[in-house]
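Please open the structure in a viewer and keep the selection panel at hand. The tour proceeds from the whole chain to single residues.

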Amino acid sequence: MNAALSPLAAEAVQHLRALLRIDTSNPPGNERLAADYIAGVLRAAGVEATVIETAPGRGNVIARLRGTGAAGALLLYSHLDVVPVERDRWTVDPFAAVVRDGHVYGRGAVDMKGIGAMQLAVFLTLARQQQAGRARFARDLILAATADEETDDNQGMGPLCASHPELLRAEYAWSEFGGYPLPVGGKTFYPIQTGEKGTAWLTLRVSGTPGHASIPRDDNAVVKLARVLDRLDRLRLPLRLTPTARAMLKGLADGLGGAPALALRAVLSGEQAFPSLSDWMLDATELTAELRAITHNTVTPTGLRAGYKTNVVPSEASATLDCRVLPGSSAEELIADLQRGLGEAARGITFTLDSSSPPVEFPADTPMMDVIRRAIQKHDPNGIVIPTMLTGATDAKHVATLGAVCYGFSPLRFAPGESLLSLAHGHDERVSIEGLAWGAQVMYDAVVLALSQA
Ligand SMILES: [Zn+2]
């Protein structure tokens, strides 16, 4: 391992490797072992830690450093569970915390045990400073590592917020995702998540006339479903600019200048068609796709079901649709938009909402966002901090029920050719030790600034 690591970074790497060796693949999760590990580390450092099971084996751990109370608490939270692995696709044991080529390998290295370990190292460093009488904080600092983020029926942060709000209530809360460098058009942006889309998982059903398949008929449910899905794929849902999207587009335009800025400002002033930024910047293909998802409700077909025998025309065919809705919108509004967009083709089809989770959005123009900006610019003076909207979902929706302003701030740097999306949930998930060390320092600086701010 790199001998030049700072004590803070070395501590983060040490706890990351210990956490990676505890298999918390969800299902079943078994986060209790990881929660107990963190509680043990905290207690050894003289910090009281509370371990709570929200369901058998589903462990959560919470600790607090007291401030003067001049300002509201800051909560650093992470999830302890990880998604399962396809072991034979990995080149290393996913639960051995192998160190190779400057990386720590293991399921959860970036999503999100690496961040949790970083939060723990920052928390421990500040606890020791406080115990030595060298630090006085304006806010409480709360650390929480919780169960079951990676499944729909949350048995971690959701029930924990409901049963122990007094342990978790905070003015601000930081977790996944944000604070990674995003190089585009020769500039480096640092998106900070200030909102998340909600989920609306639908079943679309089409009915037709059943019968013997030896005689083709016009009213075939399988063919009708195929036509409807083709229409859905070509449908342009309305552009919706949330405050987060507006601030993000403006930040990108101001930072990029030139033709891309003109195109982005046209969107902001009501131009409906979203431009292809890759027309001007070769490295903007992913960003363009992401911005389109951030400015529209989306529909992605992910499954088909029809028929049970080759010579029988079924009476019904259905598709599962993964839809994501923006803050300010809803599943009902999305379904109405789909029906309107399909026009005549919507006749006789039904949409059923199978499950949903709410979108969330938080103000981006807070003193805390300035704190984050200052911490990042200390390490990258030319870095441009912009808000962003996560197209997926995290535990922020649960933490937000207690009134916290939730930001995705989990600074990390990736090795060339690597990105969060290529690593999280992927084979050979790994984190660059240099990148983790950078992130731990940025997070430490941001927390120190936040705790000194009344
Ligand atoms: Zn995660």
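The stops below describe what each selection contains.

This is a predicted model, in which local features need pLDDT of at least 70, side-chain atom pairs count only at pLDDT 80 or more, and totals for chains, interfaces and linings use all residues. Residues are numbered from 1 along each chain as its sequence is written.

**The whole chain**

Begin by selecting the complete chain, which has 14 helices and 19 strands. These elements are DSSP runs numbered from the N terminus, helices being H or I with at least four residues and strands being E with at least two. The radius of gyration is 24 Å, close to the 22 Å that the globule rule gives for 454 residues, so the chain is as compact as a globular protein of that length. That radius is taken over C-alpha atoms, and the rule is 2.2 Å times the number of residues to the power 0.38. Along its principal axes, the C-alpha trace spans about 85 × 55 × 45 Å.

Of the 454 residues, 48% count as buried. A residue is buried if 20 or more other C-beta atoms lie within 10 Å of its own, exposed if 12 or fewer do, and partly exposed in between, with C-beta atoms placed from the backbone. Among contacts with a separation of 6 or more, 78% are between residues 24 or more positions apart; a contact requires C-beta atoms, placed from the backbone, within 7 Å.

**The two domains**

Next, colour domain 1 (7-177 + 394-452) and domain 2 (198-357) separately. Their bounds come from an automatic or database domain assignment. The C-alpha centres of domain 1 and domain 2 lie 34 Å apart.

**An open sheet**

Now select strands 12, 14, 10 and 15, which form an open sheet in that order with antiparallel pairing. Strands pair if DSSP finds at least two bridges between them. Strand 12 (298-306) and strand 15 (349-357) each have a single partner strand and stand at the edges, so one side of each is left without a neighbour in the sheet. From one strand to the next, the twist averages 20°.

Strand 10 (residues 198-207) and strand 14 (residues 316-325) pair in the antiparallel sense over ten bridges. Within this pairing, Arg205 has Ser318 of strand 14 as its bridge partner. Add helix 10 (residues 331-342), which packs on the sheet and touches strand 10, strand 12, strand 14 and strand 15. The direction of helix 10 makes about 155° with that of strand 15; axes are lines fitted to C-alpha atoms, for helices over the stretch in contact, and angles run from 0 to 180 degrees between N-to-C directions.

**Loops with notable backbone geometry**

Move to the loop between helix 1 (7-20) and helix 2 (32-44), where Pro27 lies. A cis peptide bond joins Asn26 and Pro27, with omega about 0°. Asn30 is in that loop between helix 1 and helix 2, and its phi is positive, near 50°, in a residue other than glycine. Is Asn30 buried or exposed? Asn30 is buried, with 20 other C-beta atoms within 10 Å.

A cis peptide bond also joins Asp111 and Met112, with omega about -10°. Met112 is found between strand 5 (103-105) and helix 3 (113-131).

**Helix 14**

Finally, select helix 14 (residues 433-452), whose 20 residues reach 29 Å from first C-alpha to last, close to the expected 28 Å. The expected span is 1.5 Å times one less than the number of residues. Of these 20 residues, 14 are buried, so helix 14 is largely enclosed by the rest of the structure.

Note on methods
Contact = placed C-beta atoms within 7 Å.
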